[in-house]
Amino acid sequence: MQQLIAAELLAATSDDGFSLDELVLQLRECMTQEGLPAILRLILELVDESLALAHVSGRAQPAHACPCGHHRYELKDRQDRRLRTSVGTVVLRLRRLCCRVCRKVFVPLRAFLRLERWQSKTGELERIIVEVMSEQSYRRGSAHLDTIGEIPVPKSTGHRWVAQTPASQWEVPDPQPQALLADGTGFKRRPDPAVGLTNRGEVRVVVGLTKTGRWVGYGVWSQEKWEQIGQILQGPGPGPAVQAPMLVTDGEPGLAEALAGVANRAQRCRWHLVDQLKYSLYQDGVKAPGQRAPTQELAGLLAIDVPAQDFEQVKPTEKAALAEQIQQARTQVDDLIRRLRQQQYQKAAGYLETARTRMFRWLEFWLETGLVTPATTGYLERLMRELGRRLKKIGFGWTDTGAAQMARILLRRITDPDEWAEYWKKRLRLDGKVQIHFRNAKTVQP
């Protein structure tokens, strides 16, 4: 259906001169407060009348079947509906029909637009709110929307919409990723002494690298421990719902063991190996100048990389040389541990002794399969930095549920922006079925 809408705009300007800025601001105020909501309401009213007429006359295609089985309706009354959109708040008076047999009420425009029974906002406005609130605080986001976008949404309303949005939920993208990365970050939680909750909360994140080279999120948790997360990822069936050949961690105690059911082997992040050795030396009382030599030696031992060419093009002699290089590095790590013990650096030596078995797993896996898995948690660290900025730098006093909800939204937006855009395109039904154009703008002298 097509409608040609004519509107008159009265512009009164002073003959003595006026400010261009005032003209722009007045035009913007007129369009956001009166013009755009009025045009939207008029289009919907025209569609509503057309649908009501088609159903009453029996010409609707397809005809709406009443639960009683009949298809004929008659006019009943109108229902007021207030709907928030990004172009303003629209007050609609929807036509209500009733079945001629059972008198059951039917609202044709609501069914035509697929609106929920008590829906009070559009999906496109929800997307704006979710994206803005995930980047800044609720108070500041609400103020910016009102000032810049002319979208007056109170911070409490924005908070409720973010807490209830289904955009934070998604299906497991690939049950067999090439590698899994897991890490956690703390946040300032709202304490509750009655149930034993302190102000120290933590969100735990698992992301994966698919065989196509895409980073995807596998979940965010705030109340579960790593053991529970491992059980969730394994699923209720006899076989694990998620199974990866490699798990890369920063060395958090118990993390690799808790997720052992969803990963065949675990690799320590090369960056964290060096950084945590420095901290262990500090615990042993070693000052910064004395920490430099052991950490540089370990960094040199870990600086082994796979050949640049494809696995099939690597000669057997080159693979054997790489295996020999790995074995020599292990021997040198053992020698470093021995020297640290001789110097009475027990914490540093104990740390390396615990971590040595997971230093070169990714290289051994490449020699076995030819698949390259991450050797560091660099991607996850960048993601956790963004989560920490929103949860720790911008906001505080979170509940566990609220922190996990915000982290899920950020995880989905950051890991796969194309999937995020596709989700909203599908949810908002942006199928190209609506086109609006200015045909010709004329100047009329009053």
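Here's a quick rundown of the salt bridges in this structure. Keep in mind that the model is predicted. A search of the whole structure turns up 24 salt bridges, and a few of them are picked out below.

**Lys-121 and Glu-126**
- Lys-121 pairs with Glu-126 in a salt bridge, with 3.9 Å between the closest N and O atoms.
- Lys-121 counts as buried because its relative accessibility is 18%, which is under the 20% cut-off.
- Glu-126 is buried too, with a relative accessibility of 5%.

**Glu-135 and Arg-413**
- Glu-135 and Arg-413 make a salt bridge whose closest N and O atoms sit 3.2 Å apart.
- Glu-135 is in the loop between α3 (123-133) and α4 (138-147), while Arg-413 belongs to helix α14 (residues 400-415), so this pair ties together parts that are 278 residues apart in sequence.
- As for solvent, Glu-135 is partly exposed, at 43% relative accessible area.

**Glu-364 and Arg-330**
- Glu-364 and Arg-330 meet through their side chains in a salt bridge, at 2.5 Å from N to O.
- This one links distant parts of the chain: helix α12 (residues 361-369) supplies Glu-364 and helix α10 (residues 316-342) supplies Arg-330, with the two positions 34 residues apart in the numbering.
- The partners fall into separate burial classes: Glu-364 is partly exposed at 26% relative accessibility, whereas Arg-330 is buried at 14%.

**A shared network**
- Glu-297, Asp-335, Arg-338 and Arg-339 are joined into one network by salt bridges that share partners.

Definitions and conventions. Residues are numbered from 1 along each chain as its sequence is written. This is a predicted model: local features need pLDDT of at least 70, side-chain atom pairs count only at pLDDT 80 or more; totals for chains, interfaces and linings use all residues. Side-chain values use heavy atoms; hydrogens and water are left out. A salt bridge is a side-chain nitrogen of Lys or Arg within 4 Å of a carboxyl oxygen of Asp or Glu. Buried means under 20% relative accessible area, exposed over 50%, partly exposed in between (1.4 Å probe, protein chains only). Helices (H or I, at least four residues) and strands (E, at least two) are DSSP runs, numbered from the N terminus.
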